[in-house]
Amino acid sequence: MAKIIDGRAISAQIKEEVKQEAKALAARGIKACLAVVQVGDHPASSVYVRNKHRACAACGIKSLEFHLPESCGQEDLLRQIRDLNAREDVDGILVQLPLPRQIDADAVIEAIDPAKDVDGFLPENLGRLLIGQDGFLPCTPAGILELLKRSHIPLEGKECLVLGRSNIVGKPVALLMLREHATVTIAHSRTANLPELMRRADILIAAIGRADFVKGADLKEGAVVIDVGINRMEDGSLHGDVDYEDAFDRVSAITPVPGGVGPMTIAMLMKNCLRAARARRS
Ligand code: NDP
């Protein structure tokens, strides 16, 4: 019988811990504060931004909203970031992606003060992860590690396959697994022997954005599956990158979609905000 890794429950636990820590910090006169910058009115972005403000409120973190018009120029946005960098009361800066076409997203992200990079997207923080130094970890990969740790799934010596090599999920989660002494393989769209790699993996992390791509028969018996994919189907339902029903009887543990990795991302963002406040102001 597979264990369902309950991301909602683990994320609630983390948010409760953050709330207690935020309270202790507030008692010392430090109110952690996240600035969320949104450009335009992309419907999905508006939902994500709203959820971030809600999570901050639930955790006792102050959140500020900066909403720029869709037509805003690169320099307007950079000026906004520079203002937030300079503000003593702002601990974390998050720019909601995607940005409109006229804006160079990399340049905007790189303008954020690394000490306020609570998304963990800056080259400085990703570089720290690469060489094993402390820094802000990107939220989804950090959330995956937390799910595994709190589910008591050992990583040392395990064969781990990461499907996907993006800068925000695939590459950083592979580095985190390596840091935990797993033997890590990263696969992508040009990988030639994917079926062989999937059948060998003790732990499979799927982050490719292809609905139900991994089937039960692809997996090693007793594997642990972490499904990062979020794919909206024609009927409006959400599916992961792994065919959950098909894989369920073959695996020892699996994350559902929704309710697995998704809720962890925001919980780790809250943790990063608190960490930024502590590091900057205490
Ligand atoms: P990207 O589109 O940036 O990267 C996808 C990766 O998957 C690429 O490296 C690509 O390879 C690889 N890939 C695509 N098709 C295949 C295939 N058939 N076989 C093997 N590899 C393949 O996606 P993200 O990393 O941003 O996101 C991945 C998924 O995770 C999406 O569904 C996204 O919605 C979800 N997501 C969920 C989050 C959460 O909070 N739960 C947060 C972030 C993302 P190549 O490099 O060769 O093109």
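Here's a quick briefing on how this chain is put together. Keep in mind that the model is predicted. One open sheet has three strands, and another open sheet has six. A ligand sits among 24 surrounding residues, and UniProt lists two domains, at residues 5–119 and 138–279.

**The domains on record**

- According to UniProt, in an unreviewed entry, residues 5–119 are "domain: Tetrahydrofolate dehydrogenase/cyclohydrolase catalytic".
- Over residues 5–119, helix makes up 50% of the chain and strand 16%, with the end C-alpha atoms 24 Å apart.
- UniProt, again from an unreviewed entry, annotates residues 138–279 as "domain: Tetrahydrofolate dehydrogenase/cyclohydrolase NAD(P)-binding".
- Residues 138–279 come out at 37% helix and 17% strand, and the end C-alpha atoms of that span are 17 Å apart.

**The three-stranded sheet**

- Read across the sheet, the strand order is 3-2-4, with parallel pairing.
- Strand 3 (62–68) and strand 4 (92–95) are the edges, each pairing on one side only.
- From one strand to the next, the twist averages 20°.
- Four bridges link strand 2 (residues 33–39) to strand 4 in the parallel sense, and Val-36 faces Leu-94 of strand 4 across that pairing.
- Helix 2 (residues 43–59) packs on this sheet and touches strand 2, strand 3 and strand 4; its direction is at about 170° to that of strand 2.
- Helix 3 (residues 74–86) also lies across strand 2, strand 3 and strand 4, and it runs at about 160° to strand 3.

**The six-stranded sheet**

- Here the order is 1-11-8-7-5-6, and the pairing is parallel.
- The edge strands are strand 1 (3–4) and strand 6 (183–187), and each has a pairing on one side only.
- Strand 5 (residues 159–163) and strand 7 (residues 203–206) run parallel and are joined by four bridges. Leu-161 sits opposite Leu-204 in strand 7.
- Helix 7 (residues 170–179) packs on the sheet, where it touches strand 5, strand 6 and strand 7; it makes an angle of about 170° with the direction of strand 6.

**Helix 6 and its two partners**

- Helix 6 (residues 139–150) packs with helix 1 (residues 7–27) at an angle of about 100°, and the two axes are 11 Å apart. That angle makes the pair roughly perpendicular.
- Helix 1 brings Gly-7, Ile-10 and Ile-14 to this contact, while helix 6 brings Glu-146, Leu-147 and Arg-150. Sorted by class, that's three nonpolar, one polar and two charged residues.
- The other partner is helix 10 (residues 262–281): its axis and that of helix 6 come within 8 Å and cross at roughly 105°. So helix 6 is roughly perpendicular to helix 10.
- On the helix 6 side of this second contact are Cys-139, Thr-140, Ala-142, Gly-143, Glu-146 and Leu-147; they meet Met-264, Thr-265, Ala-267, Met-268, Leu-269 and Asn-272 of helix 10.
- The contact of helix 6 with helix 10 counts seven nonpolar, four polar and one charged residue.
- Glu-146 and Leu-147 turn up in the contact with helix 1 and also in the contact with helix 10.

**Around the ligand**

- Of the 24 residues around the ligand, the closest are Gly-164, Ser-166, Ser-189, Ile-208 and Gly-209.
- This shell divides into nine nonpolar, twelve polar and three charged residues.

Notes:
Residues numbered from 1 in each chain as written. Predicted model: local features only at pLDDT ≥ 70, side-chain atom pairs only at ≥ 80, totals over all residues. Pairing = 2+ DSSP bridges. Helix = DSSP H or I, 4+ residues; strand = E, 2+ residues; numbered from the N terminus. Axes fitted to C-alpha atoms, helices over the stretch in contact; angles between N-to-C directions. Contact = placed C-beta atoms within 7 Å. Parallel < 35°, antiparallel > 145°, perpendicular 65-115°, else oblique. Nonpolar A, V, L, I, M, F, W, Y, C, P; charged D, E, K, R; others polar. Near = placed C-beta within 6 Å. UniProt positions renumbered as here; feature names shortened; annotations may be inferred.
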